[in-house]
Amino acid sequence: VLLPTWSGLFWGLLLTVLAAGCCQGNSVERKIYIPLNRTAPCVRLLNATHQIGCQSSMSGDTGVIHVVEKEEDLSWVLTEGPHPPYMVLLDGNLFTRKVMMQLKGTSRVSGLAVAAAKPSPPQGFSPGLKCPNDGFGVYSKDYGPEFAHCNATVWNPLGTELSYEDFHFPIFLLEDANETQVIKQCYQEHNLPQNGSGPEYPLCAMQLFSHMHAVTNTVTCMRRSSIQSSFSINPEVVCDPLLDYNVWSTLQPINSSGKVDPEKEFILVATRIDSHSFFWNIAPGAESAVSSFVTHLAAAEALHKVPDVSLLPRNIMFTFFQGETFDYIGSSRMVYDMENDKFPLRLENIHSFLELSQVALRNGSALWMHTDPVSLQNSSVEAKVRNLVATLKNSSSGANVTLEEAGFSQPLPPSSFQRFLRARSIPGVVLTDHRTTFHNRYYQSMYDTPENIWLQYPEGLSPEEALEYVSDTAKALAEVATVLARALYQLAGGASNTSALQADPKTVSRMLYGFLVKMNNSWFQSIIKPDLKGILGDEVPQHYVAVSSPVNTTYLVQHVLANLTGSVVNLTKEECQSPEKTPSSEKEMYEYAWVQGSLEPNSSARVPFCVRSTVHLSKALSPAFELRQWGSTEYSTWTESRWKEIRARIFLVASKELEIITLVLGITILIFSLLATYFINSKADVLFSSPRDPGAVAY
């Protein structure tokens, strides 16, 4: 009987067809969809009381594309267009609060793609708060109430607070001008209104995926994650605290695992190393962060070159705080650790505090010294602050920097110093390029780029030449670093002449290039550990704190500081990576790092070496999460929602009528196929049987 053979052949052929269809699935998808590979989403962040940011539905949001390049184009999206919902391709110059509130207030918009403005909007753009970190600094109803909530000075008057709105649709940034052009071309070919009437199908559409798992606020999402972790083998965490590490080092080595003598005094120098913008991991922070921490690093290098620093009566601690954008995560954690004996220093060890804030946009040579008018009412604090101010002014003689006092009635700008003042009256000064409101027109935005601080390179330079190019910006920041280093030397008790104490503009140039233009450069490659070389990407560096730690910025600040202030020691790779096995290593006093080293001439091989330094990392996780006080008003409570996928794509969409016809036709064909299959199967013995050979004998 040949029936089994025919049946097997039928099912084999069917499986082959199905397998071929599966294999061709990706190819079919590629023919239908054009993926947008260089985008940055707006994601959801949460604190004790709110959720902010954006999200899509679970299956992504889809809409017909409409290009909005001037405000008049909005009417088509908001009222006139016959094919809602729309995906708006918005020109970066229209990414304003006025326009965004119009789009937020309608159900005719399913999402937004923003094309960054080039050049940056001349009027400025800051999606941050007008009063950054309001409520988490030192000023409150109990301490300087006249200065609380920026009553005296609105520091960021251009702040639109867009980053702190909650949008019910996805918003993506288009980072590639070529992809933006592809979308516009698709729009012009298919969606452009004809004589005021709607275009004909098929239409160009966009689909954005950015569904967020967390909702409501940090209290809710952390409680859900905690319950999942308690009762589930595979818990589904819906949000994570923003966290990283602070970087710190001391001029004279101390026992990092012990406690400093209560009588030992320290000058604490601080700056922040993180920034933020409306879009996830887009945080160039040229003026808001990089200019200050690069200046700080240059001052640390200059001080370590002074011969008698080991003899200074006071020590100096260089501190780089992470997460300061989000209600002072890093500084509040260090204060908490100092108060609870979880850090080598106590607050009582701090003699005085110097902080570098935004310093790259000086008007002429002016650099402003801000002090706290409330603590100055204490005579002993006032005397120390006056000494600080006088020392800074004295250190600027001969430099192209003029230090000016902001004034008695002027409160402190947003600064890490405020978190220390909340705990103890410490004499301190915050240095900025602005007396009152920020000079930075792009605070906490994607436009706070090298161009914002006038960092420019001549055309035609190779990457290596650009790395070494000393720009006017580098020279200006080196002057500020020189003044800072001289002042610190004198405050620490140094008696020698400081005229020879100079920050190196070449070092500043290298750091500006590495932190703002290209991380993957020869200098950064030579100073990091071999297992960290993967962090040196070719993309533009970003300085968002994130939830996975340490982030690239932290690693790089750590290794740059070690390179500038440490020393090369004659240890093998094994000894360097396990210094506790070497009796003379003083492991409790120093950190050791085996770094890649520079390339040998005309070779791809490197010459690695061991660096010994006093550079350490400490947690930058808000105490609210250590204490499980997720609704805290004392500490930062910011979390970031988790998500499954982030992606964007465009495609042609047919009319609803055609989709329904196609669906009905498909169902009809399916039913017919099932009936045909059933009929063929039921009659298989007839259809696939062959007549017997009369002469054959069956056994």
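So, one definition before we start: when I say two strands pair, I mean DSSP finds at least two bridges between them. And please keep in mind that what you have in front of you is a predicted model.

With that, let's take the big sheet of the talk, the one with E1 in it. It's an open sheet of eight strands, and reading across you get E1-E23-E9-E5-E6-E7-E8-E2, with mixed pairing. Which strands stand at the edges? Those are E1, residues 34-36, and E2, residues 39-41. Each of them has a single partner strand, so one side of each is left without a neighbour in the sheet. If you ignore direction, neighbouring strands here are turned against each other by 30 degrees on average.

Let me zoom in on one pair in there. E7 covers residues 109-115 and E8 covers 171-174, and the two run parallel, joined by four bridges. If you want a spot to click on, try Leu112, whose bridge partner in E8 is Ile171.

Now follow the chain through the loop between E7 and E8, since a couple of backbone oddities sit there. Pro119 is in that loop, and the peptide bond joining Lys118 to Pro119 is cis, with omega about 0 degrees. Glu161 is in the loop between E7 and E8 too. Glu161 isn't a glycine, and still its phi is positive, at about 65 degrees.

There's another cis bond to look at, from Tyr201 to Pro202, with omega near 0 degrees. Where does Pro202 sit? You'll find Pro202 in the loop between helix H5, residues 177-190, and strand E9, residues 203-209.

Okay, stepping back to the domains. The protein is split into domain 1, which is 34-125 plus 160-212 plus 646-657, then domain 2, which is 243-566 plus 614-621, and domain 3, which is 567-610. I'll spend the rest of my time on domains 2 and 3.

Their centres, taken over C-alpha atoms, are 27 Å apart. The contact takes 17 residues from domain 2 and 13 residues from domain 3. People often give the size of an interface as the accessible area lost when the parts come together. For domain 2 and domain 3 the buried area is about 1,200 Å², and carbon and sulfur atoms give 53% of that. On the domain 2 side, the residues losing the most area to domain 3 are Pro253, Gln525 and Ser526, and together they make up 30% of what that side buries.

What about helices? Helix H14, residues 522-527, gives the most to the side of domain 2 that touches domain 3, with three residues. And how many salt bridges does the rule find across this interface? Zero, between domain 2 and domain 3. Polar contacts are another matter: there the count between the two domains is six residue pairs, with both residues at pLDDT 80 or more.

Last stop, the three-stranded sheet. This one is open as well, the order is E18-E20-E19, and the pairing is antiparallel. E18, at 567-569, and E19, at 591-595, stand at the edges, and each has a single partner strand, so one side of each has no neighbour in the sheet. Neighbouring strands in this sheet are turned by 40 degrees on average, again ignoring direction.

Looking at the individual pairs, E18 and E20 run antiparallel with three bridges, and Val569 has Cys610 in E20 as its bridge partner. On the other side, five bridges join E19 to E20, residues 609-613, and these strands are antiparallel too. Along there, Ala593 stands opposite Val611, and Glu591 has Ser613 as its bridge partner in E20.

That's my tour, so let's open it up for discussion.

How values were computed. Residues numbered from 1 in each chain as written. Predicted model: local features only at pLDDT ≥ 70, side-chain atom pairs only at ≥ 80, totals over all residues. Heavy atoms only, no water. Axes fitted to C-alpha atoms, helices over the stretch in contact; angles between N-to-C directions. Domains from an automatic or database assignment. Contact = heavy atoms within 4.5 Å. Buried area = accessible area lost by both parts, 1.4 Å probe. Salt bridge = Lys/Arg side-chain N within 4 Å of Asp/Glu carboxyl O. Polar contact = N/O pair within 3.5 Å; in protein donor to acceptor, adjacent residues only side chain to side chain.
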